[in-house]
Amino acid sequence: MLNEWIFESHAHYDDKQFDPDREELLSSMEEHGIGRIINVGSDFASCKHTLELTQQYEFLYGALGIHPSDIADLDEEVYEWLKKSAVLPKVAAIGEIGLDYYWEKNPEVQSRQRYWFCRQMELARELSLPVIIHSREAAEDTLKLMKGIHAQEIPGVIHCFSYSPELAEEYVKMGYCIGIGGVVTFKNSRKLKETVVRIPLQRILLETDCPYLSPEPNRGKRNSSLNLPYVVKEIAALRGITEEEVIRATRENAIRLFEKVRA
Ligand code: NI
């Protein structure tokens, strides 16, 4: 039994893959050392489900936002709903928001992604909430857009970071944290392993993105926060520090970023 508890900064327990055993699984988190979880909304339905989960589990907080791949869900009415709901005490962030040019090649839709990314960043600024950013195959536009709106004034995390160590350092300079999950345990994740060594420990958050991206040795299976110790082990080995140090630092980082989460 660990005497240090882990802060899971990015999970999707509203996902239908958890329908068969969601309650059993979430009820077992605290006894397995997962002390806080941020459940992150992606489309409108998952944001509503996230709010329900925050009511059900004391240790679970929510992030509300519309993922770039789901912006078809977003209009002024939904935006107003986000604005009204994000002030609830257990909503700790706006997310996940951002750009995804991997799944979306149509330039018109990409331009709508940029519009709603901007709007949701401004929502976070207005409500003084941190942001959880998703950026895939859109490195240049993400950075350009963020610099354009002075995103260094809005605290946040670049979740499931998939770019170069140099770009990670650029985000760190802007004040951002970098979300590290199961991918860091993959043999072919050379860039991410290098990133973990190069950025300050004070900027690393632990995340799963579950049910996706299970770490080794469970790669390919449904992921859950219970796999985070494998990620901790890899970060500790890469940086030459103890697992306890990784758990403690990443927890403190998350508590600093997500101000509404009770420590
Ligand atoms: Ni996610």
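Start at the nickel ion: its site is irregular, with angles of 86 to 171 degrees among its four donor atoms. Keep in mind that this is a predicted model.

**Stop 1: the donors.** Select His10, His12, Glu96 and Asp209, the protein donors of the nickel ion. Show the atoms that face the metal: NE2 of His10, NE2 of His12, OE of Glu96 and OD of Asp209. They lie 2.1 to 2.2 Å from the ion. Now look along the sequence. The spacing of the donor residues reads H-x1-H-x83-E-x112-D.

**Stop 2: two strands.** Colour strand 1, residues 6-11, and find His10 in it. Then colour strand 4, residues 91-100, which holds Glu96. The pair therefore ties together parts that are 86 residues apart in sequence.

Are these two buried or exposed? His10 has 0% relative accessibility, so it counts as buried. Glu96 is at 2% and so counts as buried too. The cut-off for buried is under 20% relative accessible area.

**Stop 3: two helices.** Leave the metal and select helix 8, residues 228-239, together with helix 9, residues 243-257. Their axes are 8 Å apart and pack at an angle of about 110 degrees. The two helices are therefore roughly perpendicular to each other.

Which residues make the contact? On helix 8, pick Val232, Lys233, Ile235 and Ala236. On helix 9, pick Glu243, Val246 and Ile247. Colour them by type: five are nonpolar, two are charged and none is polar.

Technical notes: Residues numbered from 1 in each chain as written. Predicted model: local features only at pLDDT ≥ 70, side-chain atom pairs only at ≥ 80, totals over all residues. Heavy atoms only, no water. Axes fitted to C-alpha atoms, helices over the stretch in contact; angles between N-to-C directions. Helix = DSSP H or I, 4+ residues; strand = E, 2+ residues; numbered from the N terminus. Parallel < 35°, antiparallel > 145°, perpendicular 65-115°, else oblique. Contact = heavy atoms within 4.5 Å. Nonpolar A, V, L, I, M, F, W, Y, C, P; charged D, E, K, R; others polar. Donors = N, O, S within 2.8 Å, 3.2 Å for Na, K, Ca; no water. Tetrahedral: all angles 85-135°; square planar, octahedral: opposite > 155°, others 65-115°. Buried < 20%, exposed > 50% of the residue type's maximum accessible area, 1.4 Å probe, protein only.
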